[in-house]
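User: Please take me through the terms used for this model, setting each value against its cut-off.

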Amino acid sequence: MAKLATEPNDEEGRVNNPIIHTQMLQHGDVWRGIDRLAAKHGLSASGLARRAGLDPTAFNPSKRITREGRPRWPSTESVAKILAVTGESFSSFVQLTGAAGSSSGGYDDALGGGRLAVRPTARALPIIALERLGEGECFSTDGQPKGESWGRMSFGTVNDRGAFAIEISGRELDPIYRDGDVVVVSPSAEIRRGDRVVVQSGDGSVRIRRVGRQDADGVLLEPVASAGAGEYVPAAQTRWIARILWASQ
């Protein structure tokens, strides 16, 4: 199993790493446990990182896979900090991962009974960082993800099979969407005036905007984070528009 991203390279560090030597835990299990722990305490993953005194982007989806496609693990120090601030034990964290042999039935039963503030049965959606959308052809002509730049992240309340997620990067959209927030969007959802949308223009650029108005010939797109003037974009210059269904804040 791969070592944690920030753990020492020496043999002693590997021997003393409890997650590496908990053989039931795989890369996806650990990140699922972090997401569920955050949701249990009413937080996003970035909110949990902030509460633990970590960099707010420490648990971002883009940090979970390297640019070379290798899995990146959270450090045991990070896990210890989030357990400390939430008052959870390591055994309860293992249960939240849902890993085979983790006795997750109690977690699932509590979830079904509404005792935990977490999402229902999770569904993995494609996810990509906003800053990486300009690195190549990441979408098909109908607005569906393609290529190797996409990761996967679990979401429980999204039933739209065409939905995908984008991780906000940078501060251009502050304070509406902050660095590390995640938005889930749907290319098939009906778009109305006032909706926040993700738009891919004919030149391939991807922007997040608010719909000012829409007609048969095009759409007026307004900034989401300011009162600046909108831009009318003819339908012929737009590849696709996807409505934002949900955002982690």
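User: Which residue follows H4, and what is the sign of its phi?

Analyst: Gly87 follows H4, and its phi is positive, near 75 degrees. This is a predicted model, in which local features need pLDDT of at least 70, side-chain atom pairs count only at pLDDT 80 or more, and totals for chains, interfaces and linings use all residues. Residues are numbered from 1 along each chain as its sequence is written, and side-chain values use heavy atoms, with hydrogens and water left out.

User: Why are H2 and H5 called roughly perpendicular?

Analyst: The axes of H2 (residues 27–40) and H5 (residues 90–97) come within 7 Å and cross at roughly 105 degrees; since 65 to 115 degrees counts as roughly perpendicular, the two helices are therefore given that name.

User: What makes the buried residues of H4 line one face of the helix?

Analyst: In H4 (residues 76–86), Ser78, Val79, Ile82, Leu83 and Thr86 are buried, that is, under 20% relative accessible area with a 1.4 Å probe and protein chains only, whereas exposed means over 50% and partly exposed in between. Seen down the axis of H4, these buried residues fall within an arc of 135 degrees, so they line one face. On the other side of H4, Glu77 and Ala84 are exposed.

User: Why does Thr57 count as buried, and what joins its side chain to that of Lys63?

Analyst: Thr57, in the loop between H3 and H4, has 12% relative accessibility and so counts as buried. A polar contact (a pair of N or O atoms within 3.5 Å, one able to donate a hydrogen and the other to accept it) of 2.8 Å joins the side chains of Thr57 and Lys63.

Methods: Axes fitted to C-alpha atoms, helices over the stretch in contact; angles between N-to-C directions. Helix = DSSP H or I, 4+ residues; strand = E, 2+ residues; numbered from the N terminus. Parallel < 35°, antiparallel > 145°, perpendicular 65-115°, else oblique. Arc of directions from axis to C-beta.
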